Amino acid sequence: MLHTAEHGDCANEYPGQELLSIGQVSDRTGVARSALHYYEEIGLIAATRTAGNQRRFPRHLLRRISLITVGSKLGIPLSDIKRALAPVPMGKIPTENDWLRATEEWKKVLEARRRAIEELEDRLMGCIGCGCLSMQACSLLNPEDQLAHEGAGARRLETPGAVANESE
Ligand code: FES
């Protein structure tokens, strides 16, 4: 069912725009409803509500969601994706200038990602040749001796929080 802001409950927020239900957005983007809920929760996307408290998304958000999907597939943290998309308004149809500004932000995010991967690659190559797996000396297992404050003894390779952060 097609909703439009002229005749729907959301006319004040999105005048004249086509509004989509979460199911329609999920179908068109391939993004699970649960992920869309999460994106909304962290402010990556925004929805309005009908009088019956159902989410409605302006159609122009499909492009934004597609970019979020691409960024996620590249392993870019959602916090960085959010920063890159900051110039693109959600409450109105973005202009070409909005997208141009976002392009500049995406370049910065991708460049930072590229540098991080190259640095990781350098470290990994060194570790493959080394193989010591030392919690004190290995720059991959314990970068910049981050575990030193926990004292001597066995250490976890990853903390539960680190895993959660990576899956953002
Ligand atoms: S395995 Fe030895 S430094 Fe990483």
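In the predicted model, strands β3 (residues 48–49) and β4 (residues 55–58) run antiparallel and are joined by two bridges. Within this pairing, R49 stands opposite R55 of β4. The two strands form a hairpin with five residues between them, and in that hairpin N53 adopts a positive phi near 65°. N53 is placed in the loop between β3 and β4, and its phi, near 65°, is a positive value in a residue other than glycine. Most residues other than glycine have a negative phi. With 7 other C-beta atoms within 10 Å, N53 is exposed, because a residue with 12 or fewer such neighbours falls in that class.

Strand β4 is also paired with β2 (residues 18–20), to which it runs antiparallel and is joined by two bridges. In this second pairing, L20 has F57 of β4 as its bridge partner. The side chains of a regular strand alternate between the two faces of the sheet. In β4, R55 and F57 point one way whereas R56 and P58 point the other way, and all of these residues are buried. R55, which stands opposite R49 of β3, thus belongs to one side of β4 together with F57, the bridge partner of L20.

These strands belong to a protein whose secondary structure comes to six helices and four strands. From the N terminus on, the elements follow the order β-β-α-α-β-β-α-α-α-α. Of the 168 residues in the protein, 17% are buried. Among contacts between residues at least 6 apart in sequence, 47% join residues at least 24 apart.

Helix α2 (residues 33–41) contains H37, and the C-alpha atoms of H37 and R55 are separated by 9.6 Å, with the two residues lying 18 residues apart along the chain. Whereas R55 in β4 is buried, H37 is partly exposed, with 13 other C-beta atoms within 10 Å. That count places H37 in the intermediate class because a residue is exposed at 12 or fewer neighbours and buried at 20 or more.

A helix–helix packing was examined next. Helix α1 (residues 22–29) packs against α3 at an angle of about 50°, and the axes of the two helices are 10 Å apart. The angle therefore makes α1 oblique to α3, and the crossing of these helices is right-handed. The contact is made by V25, R28 and T29 on the side of α1, and by L62, I65, S66 and T69 on the side of α3. By residue character, the contact of α1 with α3 divides into three nonpolar, three polar and one charged.

Two of the α3 residues named in this contact, S66 and T69, may be described individually. S66 is placed in helix α3, which spans residues 61–73, and counts as partly exposed, with 14 C-beta neighbours inside 10 Å. The C-alpha atom of S66 is separated by 9.0 Å from that of G30, a residue 36 positions away along the chain. T69, likewise placed in helix α3, is partly exposed, with 15 other C-beta atoms within 10 Å. When residues up to four places away in sequence are not counted, T69 touches T29 and V31; of this pair, T29 is among the α1 residues that make the contact with α3. A separation of 9.7 Å lies between the C-alpha atoms of T69 and I81, which are 12 residues apart along the chain.

Methods: Residues are numbered from 1 along each chain as its sequence is written. This is a predicted model: local features need pLDDT of at least 70, side-chain atom pairs count only at pLDDT 80 or more; totals for chains, interfaces and linings use all residues. Two residues are in contact if their C-beta atoms, placed from the backbone, lie within 7 Å. Two strands pair if DSSP finds at least two bridges between them. Axes are lines fitted to C-alpha atoms, for helices over the stretch in contact, and angles run from 0 to 180 degrees between N-to-C directions. Angles under 35 degrees count as roughly parallel, over 145 as roughly antiparallel, 65 to 115 as roughly perpendicular and the rest as oblique. A crossing is left-handed if the near helix is turned anticlockwise from the far one by less than a right angle, and right-handed if clockwise. Ala, Val, Leu, Ile, Met, Phe, Trp, Tyr, Cys and Pro count as nonpolar, Asp, Glu, Lys and Arg as charged, and the others, Gly among them, as polar.
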